[in-house]
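Here are my notes on the model you sent round. They are set out as numbered points, to be read with the structure open.

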Amino acid sequence: MSLKKAPYELPIGPIHPALKEPINFTFKMNGEVVEEVDFAPGRAHRGIEWMGMRRNPVQILHLCDRICGICGVAHALVFAQAVEQIAEVEVPDRAYYVRTIIAEFERIQSHILWAGVAAHELGFDTLFYLAWQIREESVDVIEYITGNRVNYAIMMIGGTRRDITPDMFPRLEQALQYYEGLLDKMVNLFLNDKTIAMRCKNTGILTKRRALELATVGPTARASGLAMDVRIDSPYAAYGDLDFDIVLPEIYSSETVGDVYDRIVVRIFEVKQSIDIIRQCMKQMPDGPVLAEEKYAKLLMNLKKASGEAFARVEAPRGEDMHFVRMNGKQEAPEMWKVKASTYSNQMAWIEILQGEQIADIPIIVASIDPCMSCTDRVAVVNQEGEAGILTKEYLHRLSVEKTRRMQG
Amino acid sequence: MRATMTPQELADRFVNKFGSLISNIRVKEWCEGVKKTPQKTVWITVPRETLNDVVAELIAIDYPHLGVIAAADNGDQIDLLYHLQVFFGGKHEEIEVVITVEVPKSDPHVPTISGLIPGAVYSEREKQDMIGIIVDGIPDARRIFLPDDFPEDVYPWRKDEKGIPPSMVKELWKVGRPTDRAVPPVAEPEPVQKSDTEEPPSGGATE
C-alpha cells in the first residue's frame, strides 16, 4: 500500500446535490479543509441552442420554457424581447405588466424553494417543510394565471397569450397578503436562528471585488454588496415604471460580508420586494390588448422577413439571463441563438467560495449560489489505489447535520 | 456615485482613443414599459489585436460586468460578440457595450481577455468547444460543456462542414416503438361505429 499524503483528491459528481444540471467537482482536500476546487459542467448538455437554430421563433419560445424548471418564464421572456427588437414588434403596454406580475410570482416561488433547500442542507428539515408548504401558494397563483404549474407557456412574441383581468386581482392580492403575513416569521426563522447563523455566517465568502471580476450575477452578486439588478439598471417590461430599489444585505445586516448568510438575507427581502412590485403593477396596469399579433401564421411570416441582431436581458430569480439572437430574413429559424443562464455566470464563484471550507459545508455553499437544486444521487470517491467507494447524498447530508449538532454542543 | 456618460459620449471616447480601428459604431436604444425607459447599447467592431486595449479602456471608464461572449458562424468568418455592461447599480443608467470581433475561419485565433476580466475564462472555454476558435493565452483550455469522447474538430454552432454531421443527430420520432416487448395483455379495442342518433356515453365530457 502506498503512503497517502495530503492533499487528497475528492471528486464529487457528475450527479450532485446542489444542481439541476449534473456537474463534476474535484476537491483537493487537506484533512477536512478544501484546498483547491475544480469543476466540469456539461454533464447533461442538451444542445438546446443547436435545436433552436433549427426551429421557428414560436417553437423556440416553448423550448425556452423548458430550459429551466424553476425560472420557467425568464428564458421565454428574454427570448421574446430579443426577437421583438429584431422584428420591431410593438408590444401592448398591458402585456408589459402581465409579464412583470408573472415574473415576480416566479421569483417568490423560486426564492422560497431555495430557502427550503438551504434549510434542508443545514439539517433543519422542519424549516424545509415549512418553506415548501408556503411555496405552494405562489405556484397555485401561477397556475391560476397561466394554467400551468411548471412550463407556463404564457409568453408570446409581441405580448402574452393570456391576460390578467381585474376580476383575478382579489386572488392575487390574497396570495400577497398570505406572504406578507409570513414575512416576519420567515425573517425570524431564517435570520434570527442561532444554528443558521452559526453555519452560514462567515461561510463561503465572496468579496465585492471578486464578485465583479468573476462576473457573478443576481442575489449572489448582490449579497457581496455589488449593486446590480437588470430590473433597475436596464429596465425591461414594466420595471421602468415602478418604484423599487436594489436589495443589498445592508437592508438587514449592519455590514456586508458576502457570506451564505447574506445570500439568505437578499433572497428573503427580495420576496418582500416582489410583493410590493406586484401590488404596484396591479394598481398601474393600463387597459388594452396583451398581444400585438394574434394570428401566429402572420406573426411567423413577419418574423421570417426580419433580419438583424439583438440581445435582451432579464433578471431571473437567480440573476441575469441573456439571449443573443441573429436573424437573416431568409429562413424562419434564427441564424444564431445564444442562451446565457444565471448559473453560467455564477459558477466561477464556486472556486473562490469553497476554498478553505470544510467538507460538511460543501452542500450549503454550493447551494448558496443557486436556488435550483435537484435531487442528488451519489458521490463517488476514488482512493489512490483506484478503488471506488460511494458517498451517498444521505451520508453527506448526515455529515452536515452532525456538524450542526456538534456546534450546538 | 460613479460618474456616468451617455452612450454617444462612450462611443466618442472609443473613437478618439482608437480612431479608425473602431468600425461599425451603432448607438441604439430600445424602450419598454408605459414610460418607455430606454435600454442603452453601444455596438462596436474592433480587430482582434485591439480587443484587449478596448477592454482595458472600458475598465478605465468603469469596471464592466461580462454578460457573455456570444459567437456566430458568419460564412468565412466567426463573429465573437463580447457583451459587457458598465454603470450598473444606478437607476436606469447602465450602458451595454457589445464588442464584435471578426475572426477568419482560416486563422481562428483570438487573444484571451481573462487577464483583465478573470471571469471570462468560462465563456472563452465554451467558445473553443462550440465554434472552434482558439483563444490564445487562455489559462484553462480544457473542454467545458462537451464530453471528453466528443469527436475532435466538430463544433455544434458551425454551419459549415465542421458542424454536427447528420450521422450524429438522433431523431426521436424515428426511434419508433420497441418491438421486443411482450404483447400487451389487453387487445386493441374494436373501432366504435359512429352514429348520429346514439346518445353520448355517460361519464364523458359534458358542456
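1. Start with strand 6 of chain A, residues 307–316. Eight of its ten residues are buried, so strand 6 is largely enclosed by the rest of the structure. Keep in mind throughout that this is a predicted model.

2. The partner of strand 6 of chain A is strand 7, residues 319–328, and the two run antiparallel with ten bridges joining them. Together strand 6 and strand 7 of chain A make a hairpin, with two residues between them. To find the register on screen, look for Glu309(A), which stands opposite Arg326(A) of strand 7.

3. Chain A as a whole contains 16 helices and ten strands. Of its 409 residues, 54% are buried. How much of the contact in chain A joins residues at least 24 apart in sequence? Among contacts between residues at least 6 apart, the share is 70%.

4. There is also an open sheet of three strands in chain A, in the order 1-2-3, with antiparallel pairing. Its edges are strand 1 (8–12) and strand 3 (33–40); each has a single partner strand, so one side of each is left without a neighbour in the sheet. From one strand to the next the twist averages 20°. Strand 1 of chain A is joined to strand 2 (residues 24–30) by five bridges, and these two strands run antiparallel. Within that pair, Glu9(A) has Lys28(A) of strand 2 as its bridge partner.

5. Chain A is divided into two domains, both discontinuous in the numbering: domain 1 covers 8–44 + 355–408, and domain 2 covers 48–201 + 234–239 + 283–344. Where they meet, 13 residues of domain 1 are in contact with 18 residues of domain 2. On the domain 1 side, the elements that give two or more residues are helix 15 (362–368) and helix 16 (393–408) of chain A. Helix 16 of chain A has the largest share of that side, with five residues. By class, the domain 1 side has eight nonpolar, three polar and two charged residues.

6. The largest nonpolar core has 166 residues, and those with the most contacts inside it are Val73(A), Ile102(A) and Leu80(B). Helix 4 of chain A (residues 93–121) contributes the largest share of this core, 16 residues. Domain 1 and domain 2 of chain A both give residues to the core, so it lies between them.

7. Leu80(B) is worth selecting on its own. Leaving out residues up to four places away in sequence, it touches Ile69(B), Ala71(B), Val101(B), Val103(B), Val110(B), Lys127(B) and Ile133(B).

8. Which elements of chain B supply at least two residues each to the side that touches chain A? They are strand 1 (23–32), strand 2 (37–45), strand 3 (65–74) and strand 4 (77–86) of chain B. Strand 3 of chain B gives the most, six residues. The contact as a whole takes 31 residues from chain B and 37 residues from chain A. On the chain B side these are 17 nonpolar, nine polar and five charged residues.

9. Helix 2 of chain A, residues 57–65, has the following buried residues: Pro57(A), Ile60(A), Leu61(A), Leu63(A), Cys64(A) and Asp65(A). The list includes the acidic residue Asp65(A). The buried residues of helix 2 pack against helix 1 (48–52), helix 3 (74–87), strand 4 (155–156), helix 12 (296–305) and strand 8 (336–340) of chain A.

10. Two backbone angles should be checked by eye. Ala237(A) is not a glycine but has a positive phi of about 45°. Ala237(A) lies in the loop between helix 10 (230–233) and helix 11 (260–284) of chain A. Is Ala237(A) buried or exposed? Ala237(A) is buried, with 24 other C-beta atoms within 10 Å.

11. The second is Phe87(B), again not a glycine, with a positive phi of about 65°. Phe87(B) is found in the loop between strand 4 and strand 5 (95–104) of chain B. Phe87(B) has 21 other C-beta atoms within 10 Å and is therefore buried, the cut-off being 20 or more.

Key:
Residues are numbered from 1 along each chain as its sequence is written. Chains are lettered from A and ligands numbered from 1 in the order in which they are written. This is a predicted model: local features need pLDDT of at least 70, side-chain atom pairs count only at pLDDT 80 or more; totals for chains, interfaces and linings use all residues. A nonpolar core is a set of buried Ala, Val, Leu, Ile, Met, Phe, Trp, Tyr and Cys residues joined through C-beta atoms within 7 Å. A residue is buried if 20 or more other C-beta atoms lie within 10 Å of its own, exposed if 12 or fewer, and partly exposed in between; C-beta atoms are placed from the backbone. Helices (H or I, at least four residues) and strands (E, at least two) are DSSP runs, numbered from the N terminus. Domain bounds come from an automatic or database domain assignment. Two residues are in contact if their C-beta atoms, placed from the backbone, lie within 7 Å. Two strands pair if DSSP finds at least two bridges between them. Axes are lines fitted to C-alpha atoms, for helices over the stretch in contact, and angles run from 0 to 180 degrees between N-to-C directions. Ala, Val, Leu, Ile, Met, Phe, Trp, Tyr, Cys and Pro count as nonpolar, Asp, Glu, Lys and Arg as charged, and the others, Gly among them, as polar.
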